[in-house]
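Trainee: I am new to this structure and would like to learn how its descriptions are justified. Could we go through some of them together, with the definitions beside them?

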Amino acid sequence: MSGDLVVLANPEAGRGRHRDLLPRVLDRLAEADLPVRVLDARTREEAQEACHRAVADGAAAIVAVGGDGTVHLALQAVAGTDLPFGAVPAGTGNDFAVETGVPAEPIAAAAAIAGAVKAGRTRPIDLARLTGPGRAPMWYGSVLAAGFDAVVNERANRMSWPRGPRRYDLAIFVELLRLKARRYTIRLDGEEQVRDAVLLAVGNCASYGGGIRIVPSAVPTDGLLDVVLADVGRPTLVRLKGKTYKGTHVEHPQVHTYRARTVEIEADGITTYVDGERAFPLPVTITAVPGAVRLLS
């Protein structure tokens, strides 16, 4: 490989607890014997632009140091290209890294990336491609939420109080009180069905939110998307949420699972979230793209 090893780092990932880790990560990455360059980006928009510019300028690889949000930004630049990509898990949620076999310890992950760069070693990993009316395509690596969890995220992002994790807890409480099933039109590889549901997720990987195995059968190397849909009441949803960390919620008779290469979703009043980030309002189309990213590991 030639060119710079370009690093997108989020110092606030993991609520800042990994802030002092970056110099050691960079030292490990330097063992690849390539120049290491940290992108100067203070906002999400600047980070997105800087990643695309690094690809255009001939970077040897891009490495995201942070959580799923940082990975998500970098994926928008490398997806569908031949440019190698590395993930150093240093966020609150590191689901893409965990589900693709990246070492959980950040320094070990950086060392693995450096070794892979020197050896020219990558692994093809699938991504999901999200499109919607009037929208440029967006890529995601882990899970799309289009039900209760998306509604909770949308409420939490509108709230100015309280700060921190308690804002999300309050949003969950409010949306549980307001819980109602919505009518979805879903097409799985063109086969349409209309269902009422409170929970709907489409996974390239199995987990989101820091280990919630919402789509436990999803594997990011099989060229397929996995869909979980549930139509349950408030008490059952609360009980099922406790089972999602093990993925056993799918054993409930009112939880339905599907697999498809292309998933189309329509419903009123839902804005989707992917990799924990705000994405497109419904309707959307999600397509599995085999080997869309070359992972260094």
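Mentor: Leaving aside its neighbours within four places in sequence, histidine 249 is in contact with Arg213, Ile214, Pro216, Val228, Leu240, Lys243, Thr244 and Val255, where contact means heavy atoms within 4.5 Å. This is a predicted model, in which local features need pLDDT of at least 70 and side-chain atom pairs count only at pLDDT 80 or more, while totals for chains, interfaces and linings use all residues. Residues are numbered from 1 along each chain as its sequence is written, and side-chain values use heavy atoms, with hydrogens and water left out.

Trainee: Why is histidine 249 called buried?

Mentor: Its relative accessible area is 1%, and buried means under 20%, with exposed over 50% and partly exposed in between (1.4 Å probe, protein chains only), so histidine 249 counts as buried.

Trainee: What lies 2.9 Å from a polar atom of the side chain of histidine 249?

Mentor: That is the backbone oxygen of isoleucine 214.

Trainee: How do you know that the chain is as compact as a globular protein of that length?

Mentor: The radius of gyration, taken over C-alpha atoms, is set against the globule rule, 2.2 Å times the number of residues to the power 0.38. The chain has a value of 19 Å, close to the 19 Å that the rule gives for 297 residues, so the chain is as compact as a globular protein of that length.

Trainee: What share of the residues of the chain count as buried?

Mentor: Of the 297 residues, 52% do, and the C-alpha trace spans about 55 × 45 × 35 Å along its principal axes.

Methods: Polar contact = N/O pair within 3.5 Å; in protein donor to acceptor, adjacent residues only side chain to side chain.
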